[in-house]
Every structure is written in structure tokens, then in C-alpha cells.
Amino acid sequence: MSTYRERVNRRTARTTVQRAIATRERRSPASAPRVPTVGIDIGGTKVMAGVVDADGTVLERLRAETPDKSKSPKVVEDTIAELVLDLSDRHDVHAVGIGAAGWVDADRSRVLFAPHLAWRNEPLRDALAARLAVPVLVDNDANAAAWGEWRFGAGRGADHLVMITLGTGIGGAILEGGKVKRGAYGVAGEFGHMQVVPGGHRCPCGNRGCWEQYSSGNALVREARELAAADSPVAQRTLDRVDGQIADITGPLISDLAREGDAMCVELLEDVGRWLGVGIANLAAALDPACFVIGGGVSDADDLLIRPAREAFRRQLTGRGYRPEAKIVRAELGAEAGMVGAADLARLVARRFRRANRRRAARAERVHHRTGFDLLTPRGRTARP
């Protein structure tokens, strides 16, 4: 048990630190919103980390493999902490934002569920904040990507925006009036699990006919591999490219072959695009945004995907011909949208943290000036001089 003198010394040291913070803040009050922050984007295969400035410019980036979902949450935390500490050696980092591929609670502190990781109601924010000693924010990766595109990319100036990320599955986010709409429980925007084909393909979520089973990287690869496994003549060029190894057929390979004019790959991307347009029309009926931003790895196919999506959207849109049509645009920030968005969201937390520190320091200064005491104790009793 600590002695009375030790407790007083700790309070005195804490007051000194807070006064230093207050002095620094008063000296440069405009610097708070401009501080560099780290953005982390955790996907199914990779963890991307980058130092991002207030203009959305990535100053430095690092990458690591995503730990296997069979490993403990501590392993994922270690990976994140190592990346942040590495970047902190070369940059003055003031906060960390994490975009996680999973469901994040409304407080943005816990990952309720992540399909590719061993996170189940994991208190990620508090665990990392304790290790990194800076403010930490946790959000869904699609929310982070949408924020990045709204601030610095294809969604600039859009008051009502919907982001759709096409990767292994489909993620989504809603922005309205400069705010991310997270829903009552924090899990809004899981568009990929809208049912579009009753009794359709089984989805890993447990249901059938989910949208992401027809318009995602998994859907694209599944169809190509099925044609290759059936030894279809239309798949011959794809099989030649992978030396007959069907498991080596990937989404980027299909996009590359489509750009080279391979008929099967062009058709598969058109199919995915048409299903994308159907889902967007449904979302337009429900949400009526001004702009849809399409991101994620599959969006690298560009017009091979976006053009058929726009055509299907116009055919399926309810009230077509009698209502304004939302724009459908490709994301501008590419694979870095989630990382940039997470860092920018963390900057807002850093600003609030600094303001809170200023208020605490100012209060401590007033108490010290008025009474000569260093600081109020947690129970409200003043320390003796």
C-alpha cells in the first residue's frame, strides 16, 4: 500500500504534466486539428497502417499479413501495436483510428463480431489505448472508407452518400449531413446480407441468397472456378494462365484477363455489375442518396464493372424516368480509403482529447492558484501542501 507522501508526489507529478500540456496547447491552439494520426485498415488478408496528415496525404505506410482467425485476439492487437509503434518512431502520432472488417458497437469501442478474425465482443479500443498511450477510435472498415471518400475522394460535396465496398464480400456505409449513420446498435450498412435471391446460394452468414453471393469478389471467383472445373471451352485461356491450377484463379487475374479482352472474364464482370446495379436500385428506393461510391478491390475493374451496374440500376430503379437519379462513381482513394478515413476520424478524437486535457489542466491551475493545493484527489479531497 502506498504511503501518504507517495500519493501526494504522484498528484504533484500529474499536475506538472497537465500544466505542460496546457502551456503547449495555448501556444499553438490551431495545431490540434492538423496533427498527424495513424489509420489502420484490417481486412481478411492484410493489415494496412499509415500516417496521414490533415489533408488526407499518406506520409508513410506499412503492411502486415492479417493473423489467421484461429489465433487469439491478442495476436491481432500485437500486430496493430507493432505497426503503430514502428510508425511512431518516425512521426509524432497523436491518435490511432482502426477500420475493422466486422460489426462495431455504437460506442465504437468493441468489435462485436469479425468474420475473418477471432474477435467476439472484443474491447479493442480500450485494450489498444492502454498499450499505445494515445486516443484510439474503432469503426467498421466501410464506415472509415466512406468517411475518407467523403472528405478527400469521390464523395466530396455530397450531403447524402452511400458507400459500397466490393471485396471478398460486400460492405457498406451511409453518410448524411457530414455524419456516418451507424444505427441504434452500430451495425448499419451491412448491405451485403440483403436477400436478393430467395433460396439462392448459401452465404457464410448462414442465410441464402445474400447480395454478396452474386456481386462480390467471392462471387466472381466462384463462377470462374466452376467454369474451369467443368472444363468449359470458354475457360481455356484462364486455365492456361494458371497452368491448370484452378485454385490459383483470383479476382485480380479475372480483371486482368477481362482488360485483355477475354470473353468469359468480361461476361463474369458484367454479371457481377448487373447484380451490383440491382442492389443499388434497392438501396436508392430505401435511402434516396445523391451519390453511390463503389470501392473495394473488385472496383479496380472500373468500367467493366461500373458500366453494367449503371445500366442495371436504371432498369431496376423504382419510379425511373420520374425522379432524379443518384450518381454511381468509382472510389478515388482506392485501397487506402479505409486507412485514410480511419486516420481522419481519429483526428477528431485527438481534438476532443486535447480539449479535455486543456480543461483539466486549466481547472488544476485554478485550484493551485486559489488554494496552493496541487490537485483534487479522486474522492474530492485536496492534497495537503
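## A nonpolar surface patch

A patch is made of residues with over 30% relative accessible area and no salt bridge, with nonpolar side chains joined within 5 Å. In this predicted model, Trp103, Leu112 and Phe113 form such a nonpolar patch on the surface. Together the three residues have about 250 Å² of accessible area. Leu112 belongs to strand S6 and is partly exposed, at 30% relative accessibility.

Ser109 sits in the loop between strand S5 (103–104) and strand S6 (111–113). Is Ser109 buried or exposed? Its relative accessibility is 9%, so Ser109 counts as buried. Beyond its neighbours within four places in sequence, Ser109 is in contact with Val104 and with a run of residues made up of Glu122, Pro123, Leu124 and Arg125.

## Cysteines without disulfides

How many disulfides does a search of the whole structure find? The search finds 0. Cys205 is in no disulfide, and the nearest cysteine sulfur to its own, that of Cys203, is 3.7 Å away. A disulfide needs the two sulfur atoms within 2.5 Å, so a separation of 3.7 Å does not qualify. Cys210 is likewise in no disulfide; its nearest cysteine sulfur belongs to Cys205 and is 3.7 Å away.

Cys205 is partly exposed, with a relative accessible area of 40%. Cys210, by contrast, is buried, with a relative accessible area of 1%.

## Helix H5 and its cover

Helix H5 covers residues 217–229, which is 13 residues. At 1.5 Å a residue it should span 18 Å, and its end C-alpha atoms are 18 Å apart, so the expected span and the model agree. Just after H5, Asp231 takes a positive phi of about 55 degrees.

Which residues of H5 are buried? They are Gly217, Ala219, Leu220, Val221, Arg222, Ala224 and Ala228. An α-helix has 3.6 residues a turn, so residues three or four places apart point the same way. The cover over the buried residues of H5 includes helix H6 (236–241), helix H7 (251–259) and helix H8 (263–287).

## Cys265 in helix H8

Cys265 lies in helix H8, one of the helices that cover the buried residues of H5. Cys265 is buried, with a relative accessible area of 0%.

Cys265 and Ala224 are 41 residues apart in sequence, yet their C-alpha atoms are 7.7 Å apart in space. Ala224 is among the buried residues of H5. Leaving out residues up to four places away in sequence, Cys265 touches Thr238, Ile254, Leu257 and Ala258.

## Salt bridges between separate elements

Side chains of opposite charge can pair when their charged atoms come close. The model has 22 salt bridges. One of them joins the side chains of Arg131 and Glu77, at 3.9 Å from N to O. Arg131 lies in helix H3 (residues 124–132) and Glu77 in helix H2 (residues 73–88), so this pair ties together parts that are 54 residues apart in sequence. The partners differ in exposure: Arg131 is partly exposed, with a relative accessible area of 38%, whereas Glu77 is buried, at 8% relative accessibility.

Arg241 and Glu260 also meet in a salt bridge, at 2.7 Å from N to O. Arg241 lies in helix H6 and Glu260 in the loop between H7 and H8, so the pair ties together parts that are 19 residues apart in sequence. Arg241 is partly exposed, with a relative accessible area of 39%, and Glu260 is partly exposed at 41% relative accessibility.

## A third pair and a network

Glu325 and Arg314 form another salt bridge, at 3.4 Å from N to O. Glu325 lies in the loop between helix H9 (303–316) and strand S13 (327–330), and Arg314 lies in helix H9, so the pair ties together parts that are 11 residues apart in sequence. Glu325 is partly exposed, with a relative accessible area of 38%; Arg314 is also partly exposed, with a relative accessible area of 44%.

Which residues do salt bridges that share partners join into one network? The network consists of Lys74, Glu77, Asp78 and Arg131. It takes in the pair of Arg131 and Glu77, whose side chains meet at 3.9 Å, N to O.

Technical notes. Residues numbered from 1 in each chain as written. Predicted model: local features only at pLDDT ≥ 70, side-chain atom pairs only at ≥ 80, totals over all residues. Heavy atoms only, no water. Buried < 20%, exposed > 50% of the residue type's maximum accessible area, 1.4 Å probe, protein only. Helix = DSSP H or I, 4+ residues; strand = E, 2+ residues; numbered from the N terminus. Contact = heavy atoms within 4.5 Å. Patch = residues over 30% accessible without salt bridge, like charges linked within 9 Å, V, L, I, M, F, W, Y side chains within 5 Å. Areas by Shrake-Rupley, 256 points an atom, 1.4 Å probe, with all protein chains shown as cover. Salt bridge = Lys/Arg side-chain N within 4 Å of Asp/Glu carboxyl O. Expected span 1.5 Å × (residues − 1).
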